[in-house]
Every structure is written in structure tokens, then in C-alpha cells.
Amino acid sequence: MNTIHDRRERGAAVLRRFSRSTTMTLLCVVLAGYLALGVASSGSFLEGPSIRTFLRYLATPVLIGLAQMVALCVGQLNLAVGALGGFTACLMGVLMADQGVPAGVAVAAGVLAATAIGLVTGLCIVATKINGFIVTLGTMTILQGAQYWLVGTRTVDGYSAGLKELGRAAPLNVPLVFLTALAAAALLAAFLYRGTAGRRLLAAGGNPLAARLSGISTDRQIVLAHTLSGLLIGVAALTATASLPGVNRSVGGDWLLPSFAAPIIGGVALTGGSVAVLGTVLAAFVMRLIDAARAQFSLDPSWVNFLIGVVVLGTVVGGRIHQTHLEKRGGSRGSVPPAPPPSDARPTAVLPHTGGSG
């Protein structure tokens with residue numbers, strides 16, 4: 001009987017924590033925002049075609065948010081998210097339209113190229129010991145030039161009709177590209193929350209010194225994080241190429257801000273050591289709602305960026321104020337308590353010695 005009572009108490013405690021979490025707040029915002037848009041559009045926003053369109057163009061924000069989240073979890077920033085995504089999308093389009101490469105081969109080449117560029121970026125950061133901000137800034141500039149070299153001022157739209165049809169496919173009224181993004185999120189969550197490699201990644205980001213003392217190579221984790229980030233950007237480029245009528249040099253140009261906004265609003269700490277997969281997905285949903293509202297009410301796009309920027313800045317400042325408050329309160333008691341993990345983020349744990357090098 002005591003065991004059953006203890007389980008109920010633990011379950012109630014979990015529910016109470018979830019009800020006060022960032023994830024629960026975002027979930028409420030998503031539901032309220034979607035219903036509000038449905039009412040404002042006289043119900044048309046809740047119809048099948050509108051739902052499919054909404055979810056189809058939600059896939060890419062989810063994926064680029066997850067790509068940035070992986071870099072953030074080791075305390076890195078990836079400024080090349082948009083440039084790499086745009087270059088990869090244009091590479092796929094050019095291979096299919098200009099070179100006659102089969103869609104499957106072109107897609108595989110694009111995703112592998114994005115993954116390889118992520119790997120090279122991580123290796124450059126580790127080898128040169130230059131801050132990831134500077135390295136990814138340089139990568140962004142190079143890739144923007146490469147994207148322009150591929151397509152110039154034209155729009156490439158003569159690529160595989162099968163790929164475009166795949167972008168419009170919606171089994172059970174749910175777009176296939178959105179299901180692809182959800183599958184990527186689920187696999188990433190399993191890797192980070194359940195896998196040993198994922199726990200090492202979080203340990204290296206949360207406390208690099210303790211991780212090195214435990215035998216975890218922080219350099220390897222940085223390379224792994226950027227490689228995973230590149231892979232997710234490659235998948236995002238695939239969903240964008242399949243969903244858009246054509247690709248040009250503007251693809252990826254507006255990805256950078258949303259890529260940071262989704263994980264930060266979702267509850268990921270900029271200092272590393274935490275992830276929030278579900279929070280990132282829900283935050284991407286919120287930003288897509290804002291974009292849908294802009295289209296519904298014909299708002300100036302600059303106001304959307306302004307609103308997202310204010311929310312991101314407010315989230316970062318609010319988190320910093322909360323952390324400072326905790327440190328002051330802990331200091332008055334003679335110790336500094338650890339900061340609570342955000343929403344569905346998992347706390348960093350130092351792993352036992354694994355024999356790796358620092």
C-alpha cells in the first residue's frame with residue numbers, strides 16, 4: 001500500500017512540476033493562439049487545407065530550431081544555419097534540374113554535404129581553438145557566396161516533380177514533411193535523453209572541466225554537436241526544397257533568427273548542458289502561429305521579426321535575472337544552488353570514467 005501511495009505522490013509531483021513548466025506554458029499558448037486564429041478567420045483556419053499548409057511550413061522551423069539547440073547544448077553558436085540550409089537546398093535543386101541527377105541521389109548528396117560541412121566546422125573550431133561564433137560567421141559568409149555561385153539571380157524550379165509531390169503528400173491529412181520533422185525530433189530526443197553519447201554531449205556542455213576529469217573528450221563533443229547540427233540542417237533543406245515551388249539565393253536568408261528563437265523560448269540555456277526538444281518544437285509552433293497571423297491580418301513582416309526579437313531578448317534577460325536571484329539567495333545561505341533545468345530539459349550529469357581524452 002505504501003508503494004502505491006508513493007507512486008501516486010511522485011506522479012502528482014511530476015504533474016505539478018509540468019503544470020508550472022515552460023513546456024506547459026507554450027502548449028497553452030499554442031492551443032489558445034490556434035483557436036484565436038480559427039475564430040479570426042471565421043473557421044477557415046481550422047479546415048483541412050489550412051491545417052495541411054500550416055503544418056507543411058512548420059517542418060522547417062522545427063528542424064532548424066533543433067539544429068541550433070544541438071549546438072547550444074555544448075555552449076556553441078551556429079550562425080551558419082541559414083546559409084548552410086540555403087546552400088544545401090540550392091545544391092539539391094541544381095543537381096536535379098541542371099545535371100539530371102535522380103532525386104534520391106541529389107537529396108542524399110545534399111544531406112551528406114550539409115553533414116560534412118558541419119563536421120568540418122566542428123573540426124576547425126577544435127583545431128584552431130577559435131570561438132565557434134567566429135568560425136560559423138566565416139562559414140556563413142563562404143556558404144552564402146557558394147549559394148550565389150550555384151543559382152545566381154535565377155530561381156531553380158525544374159527539379160523532380162516526384163520530390164514536389166512528396167512535399168504535398170499528406171497521409172491521414174498530416175503532411176509528410178511535418179512527420180519527417182517529428183521523426184527527427186523523436187530520434188534526437190532518444191539520442192540525447194537515453195543514449196550514452198547524448199549524455200556525454202550534455203555533460204561536456206554543462207561542465208567541461210568535470211567532463212574532462214571524467215574522461216570525456218570535450219573536443220569530440222563539439223565536433224559531434226556541429227555534425228548533428230549539419231545533419232538536421234540538411235533534412236531541413238530537404239523539407240524546404242520539397243515544399244517550395246523553387247529554390248533561389250533567398251532560401252535560408254530568414255532562418256537564423258527563428259533557429260535561435262525556438263530553442264531559447266523553448267527553455268534551452270545559452271550556457272550549455274541542457275536541451276528541450278519538446279519545448280523547441282512548441283516554440284517553433286508559436287513562431288509559425290505569429291507568421292500565420294501576419295499573413296491573416298496583412299501585417300508588416302518587420303513587426304514579426306521585432307516581436308520575435310523582443311520575446312527572445314526578454315526570455316534571455318528573464319532567465320539571467322532568475323539565475324542571479326538564485327545565486328544571491330544561495331550566497332546568503334553560504335552556498336549557491338544549481339539552476340533548475342528548463343521545461344523538458346534534462347540536467348547535466350557527470351559520467352563515470354570512460355577512458356577518453358580531454
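Which backbone oxygen does the side chain of Thr241 reach, and at what separation in Å? In this model, which is predicted, the side chain of Thr241 reaches the backbone oxygen of Ala237, and the two are 2.7 Å apart.

Thr241 itself belongs to helix 12, which covers residues 218-243. Once the neighbours within four places in sequence are left aside, the residues in contact with Thr241 are Ala89, Met92, Met96, Tyr159, Leu163 and Val247.

Helix 5 covers residues 81-97. Of the 17 residues in helix 5, 16 are buried, so that the helix is mostly covered, because buried here means under 20% relative accessible area. The length of helix 5 can also be checked: at 1.5 Å a residue its 17 residues should span 24 Å, and this agrees with the model because the end C-alpha atoms are 24 Å apart.

A second residue, Leu79, is placed in the loop between helix 4 (59-72) and helix 5. Leu79 touches Phe133, Thr136, Leu137, Met140, Leu256 and Phe260, when residues up to four places away in sequence are not counted. One of these partners, Leu256, is 177 residues from Leu79 in sequence, while the C-alpha atoms of the two residues are 6.8 Å apart in space.

The table sets out the burial of the two residues described above.

| Residue | Relative accessible area | State |
|---|---|---|
| Thr241 | 0% | buried |
| Leu79 | 10% | buried |

Thr241 counts as buried because its relative accessible area of 0% is under 20%, and Leu79 counts as buried because its value of 10% is also under 20%.

Conventions:
Residues numbered from 1 in each chain as written. Predicted model: local features only at pLDDT ≥ 70, side-chain atom pairs only at ≥ 80, totals over all residues. Heavy atoms only, no water. Helix = DSSP H or I, 4+ residues; strand = E, 2+ residues; numbered from the N terminus. Buried < 20%, exposed > 50% of the residue type's maximum accessible area, 1.4 Å probe, protein only. Polar contact = N/O pair within 3.5 Å; in protein donor to acceptor, adjacent residues only side chain to side chain. Contact = heavy atoms within 4.5 Å. Expected span 1.5 Å × (residues − 1).
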